[in-house]
Amino acid sequence: MTDLELLQACQRNDPRAQTAFYERFRGRLMGMCRRYAKSRAEAEDMFQEGFARIFQQLHTLQQTEKLLPWMKRVMTNTAINVYHKNSKQQAETDYEEAFDHHTDDHLTTLAQLSTDELLVAVASLPDGYRMVFNLYVMEGYTHPEIGEMLGIAEGTSKSQLARAKAMLKLKLTKIGIVSYEHV
Amino acid sequence: MNTSEHDDWERLFRQRLADFEDQPAADALTRILAAANMPPIPTVTSSPLLTRMLGIIGAVVVVLGVWFMQATQHPIVLAQTTPSIQDIELLGATLRNGFKTARESKSLNTDSKMLPSAVHPTSEVMAAVESPNSIPVLRDSPKPNQSEKTTPVISEIATAQNNIAKVYQAPKQRLLIAKNITKEEKLRTFQDDMTTDNHKTLDINKSPIDFRNNESNQQPATLFAAELNQNQAMLINELEIFRAVRPYQKTVLLSPITMPEATPTAPAVVRERPSINWFVAVTPLYTYQQIAPVQSDNRYVEQIQTPNTFSGGRAGWRTQIGIERGLSKQFSIRAGLTISRLRQSVQYTSRGASFDSARVEVLDDQTIRLTPLFRRQIGQLANVRHFVGINTDVVWRPFAASAMFVRGWQPYLTAGFSVGKYGGSARSVSGFWQASAGIERAIGQGWWLRVEPSVQYGWQTLTDNPVLTTRPYTYGLTIGLKK
């Protein structure tokens, strides 16, 4: 079944098509949610909410070539909504720590760590840093776009990205050292 | 770290995580489909006839209120109980003109026979005057033939009498004399005075009345003049006497009379509210509920959803009819019968606490994954509750003592409760706490219009559903009338 046929069947609320559609895209979208969420549980909630929204709004989509970008956009919006819900409850910590450590071997470290370790490092970022990092580095949005989506200034987006990267490199370095020791 | 290093680092990071995939929970699809295929929350359909009736009632209340407000400009002030200054001036002018005409008219001073019959009073007073007990001078009836020279004078007299008649035709209670003294009583009093010795001692020369016609007429005329001279203010009250004697003034000349100062207009009388008033009110309202799942060991309720805040599915109404009794100037208590119709709908999903089935996946030779699966049910509640009860409220008018009215509206606060019984599936005795802040104003004929935003909060939760408990509360706008 092609993507077009699958899309049309899902738009008719065909249960088998919906199951097939889910099976086809669940892994990639769940992986995306893992990047945005700070825990697996939050990622699963985000995934279910986003996927339900995809099924509800699937009838608005006509072009199959835009299916995956559209689904990613829906998931991104879901992650942003979750971020806004949780933003008042969180305190951004480890702020100054990020600028105190610079390593020169971060590229090597990044290449040597596993994907799960990278996800752990990303998930450990403060929510704002993690959102900006994902939107800019992974999704390719610009700072003005990120500022509009998150309701922050463009400069804030830039500074948060810089701090997120610095903090991430520090964490990866620590993880890498621990990993090397285990190796 | 330069820009190229930044780009490399980001590109490498993107490569590592861009295509990262992970597996969601095993029952994620069930949850997703349950959420995605959840039908829209049903709205309780209302009766078109009932909706129209409520609309008509509301429109009638509003139209009547506006009409009453426009029709009554001074609903609180009662009619004045004393003549106005204009009335007294008109009366004074009438008297002066009449007296002046009589004094200057030769025909009136010489012979009563010259008086035309047209100026004869035709009221019942005339009949009384011609009774055997009447005064001799009054018996002298005029002759029908009339001189041409008297016509202008007569016309002035007629005009003066018309002016007097206008005063008398004023609304009731505008002149004290019209209210309290009958014509017969005045004439009888006058005749009684004629027979007393007190008036015989009066000096005729000092009398303002000139006697030129008949000596036999001097005594009653003098007495009459003395009566007028003693109290000119009484002249106004004794207009009927004046009218009775006036055709025979051929024997009497009255000096100009200084009119008494106009009596200051009595202060406006504020209507005292009756101690007991009837009231009726209609309240369109929105119903809300505090919803909680019933604690159960074998059922788990999730995803409770309700209609939007101002959805039509929440619309209801309440009617009240009862009495209000004043306790003091600021406080009163009202009680009555209340009937409410509350509407609310809820949608939820529920599943058993224990899983209905399980999925077993073999991950490797030594590991299996066991995933419990639950069967979810979508439940809907579309509650339409009727509540019949008795309401009691204390009404406080904080500015009643200072008579603070803004364009006729007076604010007030109420607090109280309703106790009664739910109909339908609830069928339980319950009640509401209620409070409101409203304004009221008199709209005429004893009616008061009230506009009163109100809130009600249920006394207790209702457990008429096996899954959810609810506690209703309402917001509404009460529009009512009080008499």
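So, salt bridges: over all chains, the structure holds 19 of them. Bear in mind that this is a predicted model, so every distance I quote comes from predicted coordinates.

Let me take the ones inside helices of chain A. In helix α2, A:E23 pairs with A:R26, and the closest N and O atoms sit 3.3 Å apart. Why can those two reach each other? They are 3 residues apart in α2, so about one helical turn separates them. Both ends are partly exposed: A:E23 has 39% relative accessibility, and A:R26 has 21%. With buried meaning under 20%, A:R26 therefore still counts as partly exposed.

Move along to helix α3, residues 40-57 of chain A. Here A:E49 and A:R53 form a salt bridge, again with 3.3 Å from N to O. The spacing is 4 residues this time, which is about one helical turn. A:E49 is partly exposed, at 28%.

Then there's helix α9, residues 154-182 of chain A. A:K158 bridges to A:E154 with 3.5 Å between the closest N and O atoms, and these two are 4 residues apart, about one turn of the helix. A:K158 comes out at 43% relative accessibility and A:E154 at 36%, so both are partly exposed.

Over in chain B you get a network rather than a lone pair: B:E324, B:R397, B:E440, B:R450 and B:K482 are linked by salt bridges.

Okay, the interface. How many salt bridges cross between chain A and chain B? The rule finds 3. I'll show you A:R40 with B:D22, whose side chains meet at 2.6 Å, N to O. In terms of contacts, 39 residues of chain A touch 25 residues of chain B. The buried area is about 3100 Å², and carbon and sulfur atoms give 65% of that.

The nonpolar side of the story is worth a look too. The largest nonpolar core has 65 residues, and those touching the most other members are A:F21, A:F47, A:F51, A:F55 and B:F13. So which residues does B:F13 touch? Leaving out its neighbours up to four places away in sequence, B:F13 contacts A:L110, A:L118, A:V122, A:F133, A:M138, A:L168 and A:L172.

Next, the strands in chain B. Strand β7, residues 376-396, runs antiparallel to β8, residues 410-422, with 10 bridges joining them. On its other pairing, β8 goes antiparallel with β9, residues 429-444, over 12 bridges. You can follow one row through: B:V394 has B:A415 as its bridge partner in β8, and B:A415 in turn partners B:A435 in β9.

Now a quick backbone check. Most residues other than glycine have a negative phi. A:N13 has a positive one, near 60°; this residue sits in the loop between α1 and α2 of chain A and is partly exposed at 46%. B:Q445 also has a positive phi, about 55°. You'll find B:Q445 in the loop between β9 and β10 of chain B, and at 56% relative accessibility B:Q445 is exposed.

Last thing, confidence. Chain A averages a pLDDT of 81, with 84% of its residues scoring at least 70. Where does pLDDT stay under 50 in chain A? One stretch is residues 90-103, for which the model has 21 contacts beyond four places in sequence. Residues 179-183 are also below 50, with 5 contacts in the model beyond near neighbours in sequence.

Key. Residues numbered from 1 in each chain as written. Chains lettered and ligands numbered in written order. Predicted model: local features only at pLDDT ≥ 70, side-chain atom pairs only at ≥ 80, totals over all residues. Heavy atoms only, no water. Pairing = 2+ DSSP bridges. pLDDT = per-residue confidence, 0-100. Contact = heavy atoms within 4.5 Å. Core = buried A, V, L, I, M, F, W, Y, C linked by side-chain atoms within 4.5 Å. Buried < 20%, exposed > 50% of the residue type's maximum accessible area, 1.4 Å probe, protein only. Buried area = accessible area lost by both parts, 1.4 Å probe. Salt bridge = Lys/Arg side-chain N within 4 Å of Asp/Glu carboxyl O.
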